[in-house]
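Below are some notes for a colleague who is looking at this model for the first time. They take up the pocket, the aromatic rings and the backbone in turn.

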Amino acid sequence: MGTGSLVSVDSSTSDRLARAGFAVSFSNDMRAWKQALVADNRFVSPHFDPDYSTPKGAVWIRISDQLTGKLAACLAYRIYPAADYLAMVEDGSIYVDDPDEWGFRPHRHGMGHIDLSGRVMSRGGLHSFMTGQALSFWICGIALEVALQERVDVAAGITLPGPHVPLSWYGYQHSAHTSVHEWPNFPNQPHSIEIVWSHAPEIRQELEQRNKLLREMPDADLKTIAKEYERRTGLRRT
């Protein structure tokens, strides 16, 4: 599955979503993704924003209501080789094609050495538009399945620090706070960010655990399954 195949992904997650009345699709039209977020006054993740970079290879996953076609949840990602993902965060190249042209001010992440290199799936732009279905959990499951099929070495993302459900809800196993940082589409508004990530063996293990739960709870609704997963994995945060 990649930008050349944007219709479906082999997925037990999407099969369960279909049973609940939701359809999963993929698109590389990042302007449509941004328009959907802006229309609902949502935050636009800068490293997928077509007005701040040309997000080569970017794709967004869409969960929609099967009957109405209405957008229910979305998540964006890119897969690319990276010698050092954290260095790209520092120098701004994760966000914009030419950081100097945009006047991006490099920042030191202050986290020491963390090996986030190789074939990286960089994720962001996660939004749920329909409450009560735990769709953020389910769309992250789709992203994990894509990561496994694309044979990535690392899945990584950037978020704001704060109280969250367990990292495994989003398909991550590790997190670390950076020093003060600044996004290119929010100039002069420095803040701390959180880097989250999993390596390939952890992605595989995460999927195995999710699929095991699906087999154990064949008739449960989406929210019940997600909450049970949260209960089982609530202490796994590093």
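**Notes on the predicted model**

1. The lining of the largest pocket divides into twelve nonpolar residues, nine polar residues and one charged residue. As the model is a predicted one, this account of the pocket should be read as a description of computed coordinates. The pocket holds about 600 Å³ of space, and 22 residues line it.

2. Which residues of that lining lie nearest the centre of the largest pocket? They are Gly125, Leu126, Ile158, Thr159 and Leu160. By element, strand 4 (118-128), helix 5 and strand 5 each supply at least two residues of the lining, and strand 4 gives the largest share, with five residues.

3. Turning to the aromatic residues, a search of the whole structure finds four aromatic pairs. One of interest is formed by Phe137 and Tyr229, whose ring centres are 5.4 Å apart and whose planes stand at 50°, so the pair is classed as tilted, given that planes under 30 degrees apart count as stacked and those over 60 as edge-to-face. This pair links distant parts of the chain, since Phe137 belongs to helix 5 (residues 135-149) and Tyr229 to helix 7 (residues 222-233), with their positions 92 residues apart in numbering.

4. Phe137 and Tyr229 are both buried, and they belong to one aromatic cluster together with Trp138 and Trp169. Tyr229 has a further partner in Arg210, whose charged end sits over the ring of Tyr229 at 5.3 Å from its centre.

5. A charge over a ring is also found elsewhere: Arg42 lies over the face of Phe129, at 4.4 Å from the ring centre. The residue before it in the numbering, Asn41, deserves a look for its backbone, which is taken up in the next point.

6. Most residues other than glycine have a negative phi. Asn41, however, has a positive phi, near 60°, and is placed in the loop between helix 2 (30-39) and strand 2 (59-65). Its relative accessibility is 71%, and Asn41 therefore counts as exposed, the cut-off for that class being over 50%.

7. Arg151 likewise is not a glycine and has a positive phi, of about 55°. Arg151 is found in the loop between helix 5 and strand 5 (154-159). Is this residue buried or exposed? With a relative accessibility of 71%, Arg151 counts as exposed.

Conventions: Residues are numbered from 1 along each chain as its sequence is written. This is a predicted model: local features need pLDDT of at least 70, side-chain atom pairs count only at pLDDT 80 or more; totals for chains, interfaces and linings use all residues. Side-chain values use heavy atoms; hydrogens and water are left out. Rings of Phe, Tyr and Trp (its six-membered ring) pair if their centres lie within 6.5 Å; planes under 30 degrees apart count as stacked, over 60 as edge-to-face and the rest as tilted. Helices (H or I, at least four residues) and strands (E, at least two) are DSSP runs, numbered from the N terminus. Buried means under 20% relative accessible area, exposed over 50%, partly exposed in between (1.4 Å probe, protein chains only). A charge sits over a ring if NZ of Lys or CZ of Arg is within 6 Å of the ring centre and within 35 degrees of the ring normal. On a 1 Å grid over the protein atoms alone, a cavity is a set of points where a 1.4 Å probe fits but cannot get out, and a pocket is an open set with protein on both sides within 12 Å along at least five of seven lines; lining residues have an atom within 4 Å of a point. Grid points are joined across faces, edges and corners, and a volume is the space filled by probe spheres set on the points. Ala, Val, Leu, Ile, Met, Phe, Trp, Tyr, Cys and Pro count as nonpolar, Asp, Glu, Lys and Arg as charged, and the others, Gly among them, as polar.
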